[in-house]
Each structure stands twice: as C-alpha cells, then as structure tokens.
Amino acid sequence: MVESSSRHRAGIDASGESTAFDSRVVIEHVQPEIDAGKFPIKRVLGERVVVTANVHTDGHNALRAVLLYKPSHGSQWQMVEMRSAGAGLDLYHAEFEPDALGTYEYTLQAWVDNFGNWRRDTTRKIAAGQDIGVEICEGRALLEQAAARAAGATGTSELKHYLNMIGDSPSLSQSSPLFTDQRLSELMLEFAERGRVRRYERTLKVTVEPQEALFSSWYELFPRSWSPIAYKHGTLSDVTARLKYVADMGFDVVYLPPIHPIGTTKRKGPNNSLESEPGDPGSPWAIGSQEGGHKSIHPELGTFEDFAALVDAAKRLGIKLALDIAFQCSPDHPYVSEHPEWFYHRPDGSIKYAENPPKKYEDIYPLNFESESWQQLWDELCDVIFFWIEKGVHIFRIDNPHTKPYPFWQYLIAKVKSRHPETVFLSEAFARPRIMEQLAKCGFSQSYTYFTWRTSKWEITNYLHELTQTQVVEFLRPNFFANTPDILPENLQYGGPSSFLIRATLAATLSAAWGIYGPAFELCVNQAVPGTEEYLDSEKYEIKNWEFNDQRTIAPYLGRLNQIRKSHPALHNNRTLRFLEINSDELIAYCKTDPRGTDLLITVVNLDPYNVQSGYLTLPLEELGIDADFQVHDLITDRRYNWSSPTNFVQLPPNAPAYIFKVRKRVRREFDFDYFV
C-alpha cells in the first residue's frame, strides 16, 4: 500500500506568517535525474534503475524512505524500501527493473519513522537498565494503529501476533522479536501511520527500450555494390543472397543507406564531382525523383516484395534491418512540386539548395521545419517512419539530426514510440558535445561519437570516462563506428591491417554498441582523397566491385570479436568499464563485468600498429574479487595463463594487437583436482 498524507498542519514561515507544511524531512540530490526532470533517463529491458538520494531531518529521528515506480500509463505505484548507505551519510538507495517497453515514472517518499524511533530508544533504555513501562504503552499503541489499518489485509494476523507478544509485560529483552524481526519492520513499513510524509517534488521518467538500443553490432553496406556481376547495379535480392556473409561475421544489425529513388538534377559524379556522366548512379542522399520519394524504393534496387524478402531473410539469420532516414530532398522529389511551402525560398522565389560555405550541395534541398506549414510537414515526416515500420523496420539511423530543430525530434520520437516503443533511433551527429547530448535527451537511442578521432591512451581514457562515469551515461548511449562512408580516419589510412584490427578491438570491447562500414573495413581499404578523411573513389558516388574473398580481409577476426561479445554479458553494458594500470603509453588495459559481477573480462590492446609493445599489467585483485592464484583465458587465441600475482608481463605484436582475457578463478575440491571457473 502506498499513501501520502494530505494533512497539513499550521507552521510559521520566516516572515512570521502562518503557512502549511507537510513534513520535516528533506529529500535532495536525487540521482539519476536529468535537467531537473525535464528529460527521461534511458534503460533497456533487463537493465536496473538504481536511485540514490540524500534524505535527512532535524534531530536524531529515524527515517524511512521508499522508491515509487510505475508504467506511465498505470495508476498503481509499486514500492521499494530505500536502504541507508551507512550511518551519518544520509544517503539512501533502492532499485527497480522495468519489465516492459515504454515509459516508466519514479519518485520518492520519506517520513519520520516513529516505530523505528521506538525500537532504537527502547533497546537503549533496556541496555541501560532503565524502566520501560511508558515505552511498552507507546509500542502497543503503534502496533494497535498498524493492526487497525491492516484490518482484513495480508499481515493482519502477524501484526496481532506481535501485539500479543508485547501484552502488558513490564519488561522486554533486547533480543525480543519486537526489536529484531525484519518481518515486523516490513509490516510496519506497509501499515504503520506515517504522519507527515515528504514526497519528492518531481516525478521522474525512464524510457525503456529493446536490448539492441544498448547492445548491438552494426554493419553498413550499399546494396548497389553487392551484385555478383562486377560493376552491375546491385539489388536488394543480391543483398539477400549474400546476407550470410554478414551473419558469419556476427553482426546483428544491417544498416542500409537511403534506398529511395535518386534525383537526376545536379546529380553528383565520382568523387563528389559537380558533373555526372550518363550511368553515374548519384548520391543516395539526394532523395526523390519522378519514381517517388521517402516512401518509395529506387527501381534499380528492386520492389517492396524484394524488400520484404530481405527483412525475412535477415530475421532468419538473427539480423535486424536498419534504414538511413535523411530528411532532405533532391530537386526532383515529389514534395518540391506538391508542397513548395515546405522549403526555403530565395527573394526571386526559387528554392534554396543546401550549402555549407564554401561547399554547395545543389543536388539537395533542405526542408524548412519552421515554415508556416510546419505541422503538416512534421506529421508527414512522422508518417515516413510509420510507413517503414509497417514494412518491418524498427531501427533507423537519422542523417544529420543536428541540422533540424530539437523540438521536431522530441515530437517525432515521442509520437513514434507511443505507438511503437520497440523503435530504435541512431543519431548521426558529429557535432559539438552539447548538441550531441541534447539530441540524446530528445530521445535518440544511440549516438555517433568522437571515438573515431580518439587514438592515444590519454584521449581514449578521458573520453570513455566522460561517456561511462558521468551523468552522460544516463541518457547518451555511444555507438562506436570505426569508419563510415563519410570518414576514413587518419589512423586507418597509414597503419595497414594492424590499425584496422586495433580499432575494431577497441570499438567492440569499449562500447556495448559498435559498427563498421563494409566491406571497406574488413578489406582494409585505406586510400583517401589526399589531405582529407574522404574515401578515394567513394561508394557514395559510384558502384564498387568488392572482392569479398580478398586476402586482405580481416572478416574472421571481426567474427571472433562479435562471437566473444555475444557470449559474454560483461560486454553488453558500458557502466562497468574500468581502466587498469599498465606501464606503457602504447598499451591500454581495461576491464568490464556484467552488472552482477559474475563475468569479468580484461582487455589489453597495443595502440601502436607498427611495433611490438610490452609492459607490466597490474590488477587491483581485491577490488576485482580475484584471489592471488587465478587463470586468464585469452578468448582470441584460446590460450590460458596461470597468474599468481597482481602484476604480470604482457607483450603484443601489431599483427595480433590484443588480448581479451576471461578471468577464471581457481576452485579446489577436497580429494579432487584443481580447476578453474
């Protein structure tokens, strides 16, 4: 039973005026809480919400505090008692685990615990040999009140049992169940008169999403380059036929760039040239032609029947399909002629194309989200998402969300999730930190990050601390893409295959969600436009002929990484990441556990793609719960090492740049052999 006293008693405020108050208890510094409750925190199914708060009052009164939670659409609050973190700290904590997708609410209540005061003070008087006749009467009154409030409920008979126990006895011992039974404490929490209850002034929210919002492995591909015939325009059916190639690498999300018709006006040529030749396919992000717009499929890719077959084939292989949603239009998009009011206009009445001076994107028209017809536009764009959900897609990568208004994303994501809470949105925003954070607060499930450019030990350590050990972890979930069609980072251009192995290992073990753009990544493609991070002969503007069985491929290594990820819950979260001491700036070491601490993995990576690096790894054995005699099992090579001290030597060459150690503790059986678990 959850209640909140509605009685207010007269008091005097600082000005001497009579006022009302409901409790002398203070609840403050509640965590997690984002921007004073303006935005929800995020969790996935199976992930706990641990709530802490400072709760205190004047004097030496005992307190009781509870965490209340419920689905937002529900009316009945569930209650969990909060526990003190230690005497004198005034810090309380409790947790709950949402069991359904959608939005949950939570808040706190606290009050002076009269029964707790009675227990504490009475046992002290007994210990001092003092008379407790008055305390016997007080205790009986408290139990009688509780029994009366419990009348007819489960627990009534138990309370009467304790009431009979106190009887008219003039004395009690400190060991009496009246002072020691936890069950009595639970009954009094539920039924005792609470008096003036303090309820936290805010009701906070948590968005509960599917597991892939936190833990997923993404593989991006351009269907038009997946034909078995060299340089022939590929189709969705070609992807279906080759989908096992991706499944064998262990990726569980296949992400497709826009698959809509591509405009012909001002179509871009190879390497983003301003002139195109007949047969040039154009950029998939120049969306819309006479064949249709955001609710159509490019004719050369196939039909909706082909798309349905791809969705079904992916499902059979344990893969979910993700679509790129770019809310922009080519000059040939049907929106341009049907709704010119949705676009920006020059003084002469012509529609403005996209610019990022001095760059011009004449093949793209940006939408005007603040036009007079903004509501109609916003609803149409929501319908684009609903359209593809009906086609079996529940994961969307949103292109350049930081160039659209925050209120639009709050509107769209809330509207979609109200009907389809299983939907996942990935924010492709390589923007300033506060912008990326605001988009996450607006509801994006995952976000691109700066991982691409964090290469040194110091940079990685500090950035991951920000993502996993600060308040950011409550609302921004990183997705560590090692490369994208837009970005061939410098660290991949010059380090050879070793650099690809290094970056894949870091991405797959530091973050619960990671991704690559392939087959460019597994084939270690590293040719860039000189002086840039743009792929030379980029697939964004032309059809590629990929040699999937090229000897350069590191596909088997990626498959091993994803297999390790799926088998070990330690890698399914970001919160337990901890960096470890290792005496080399070219080696980085860190550990992760599952939230309950049963699966402990230690990863060591050589950050130098050119040279063998070695050093001494020191483990805080006691903090990690490891005895001095233990075994580490390298999950990459399947080799095992027995370690008997906290400091151990490690050495890694650039062509095998990582260990992923499963820590196995030694167990001894009497009359049996030693073994490790």
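Visitor: Which residues are exposed on the other side of α3?
Guide: Helix α3 takes in residues 156-166; helices are DSSP runs of H or I with at least four residues, strands are E runs of at least two, and both are numbered from the N terminus. Its buried residues are Thr-156, Leu-159, Tyr-162, Leu-163 and Ile-166, where buried means under 20% relative accessible area, exposed over 50% and partly exposed in between, with a 1.4 Å probe and protein chains only. On the other side of α3, the exposed residues are Ser-157 and Asn-164.

Visitor: What pLDDT do side-chain atom pairs need in order to count?
Guide: Residues are numbered from 1 along each chain as its sequence is written, and side-chain values use heavy atoms, leaving out hydrogens and water. This is a predicted model, in which totals for chains, interfaces and linings use all residues, local features need pLDDT of at least 70, and side-chain atom pairs count only at pLDDT 80 or more.

Visitor: Back to α3: how wide an arc do its buried residues cover around the axis?
Guide: An α-helix has 3.6 residues a turn, so residues three or four places apart point the same way. The buried residues of α3 include Leu-159, Tyr-162, Leu-163 and Ile-166. The buried residues lie on the same side of α3, because the arc that they cover, taken from the directions from the helix axis to the C-beta atoms, is only 125°.

Visitor: And which helices help to cover those buried residues of α3?
Guide: Contact here means heavy atoms within 4.5 Å. What covers the buried residues of α3 includes four helices: α1 (114-127), α2 (133-149), α4 (177-180) and α5 (182-191).

Visitor: Which residue follows α3?
Guide: Just after α3 comes a residue whose phi is positive, near 45°. The residue is Gly-167.

Visitor: How many of the six residues of strand β12 are buried?
Guide: Strand β12 runs from 204 to 209. It is largely enclosed by the rest of the structure, because the buried residues among its six number five.

Visitor: Which strand pairs with β12 in the antiparallel sense?
Guide: Two strands pair if DSSP finds at least two bridges between them. Strand β4 (residues 41-44) is joined to β12 by four bridges and runs parallel, with Arg-43 as the bridge partner of Val-208. Another strand pairs with β12 over five bridges in the antiparallel sense, and its Tyr-106 stands opposite Leu-204. That antiparallel partner is β10 (residues 102-112).

Visitor: Which strands stand at the edges of the sheet β26-β29-β32?
Guide: This open sheet has three strands with antiparallel pairing. Strand β29 (residues 613-618) shares six bridges with β32, and Leu-617 has Asn-648 as its bridge partner there. Each edge strand has a single partner, so one side of it is left without a neighbour in the sheet; the two are β26 (581-582) and β32 (647-652).

Visitor: Is Ile-297 buried or exposed?
Guide: Ile-297 sits in the loop between β14 (253-256) and α7 (304-316). Not counting residues up to four places away in sequence, it touches several residues, including Leu-236, Ile-259, Phe-307 and Trp-388; the C-alpha atoms of Ile-297 and Ile-259, 38 residues apart along the chain, are separated by 5.7 Å. With a relative accessible area of 8%, Ile-297 counts as buried.

Visitor: Which residue does a cis peptide bond join to Gln-31?
Guide: The residue lies in the loop between β3 (26-31) and β4. Omega of the bond is about 0°. The residue joined to Gln-31 is Pro-32.

Visitor: What is the relative accessibility of Asp-638?
Guide: Asp-638 is in the loop between β30 (630-634) and β31 (640-643), and its phi is positive, near 70°, although it is a residue other than glycine. Asp-35, in the loop between β3 and β4, also has a positive phi, of about 50°, and counts as partly exposed at 37%. Asp-638 counts as exposed, because its relative accessibility is 52%.

Visitor: Finally, what share of the residues in the protein is buried?
Guide: The protein has 16 helices and 34 strands, and its C-alpha trace spans about 100 × 75 × 45 Å along the principal axes. Of the contacts with a separation of 6 or more, 73% are between residues 24 or more positions apart. Among the 677 residues, the buried share is 54%.
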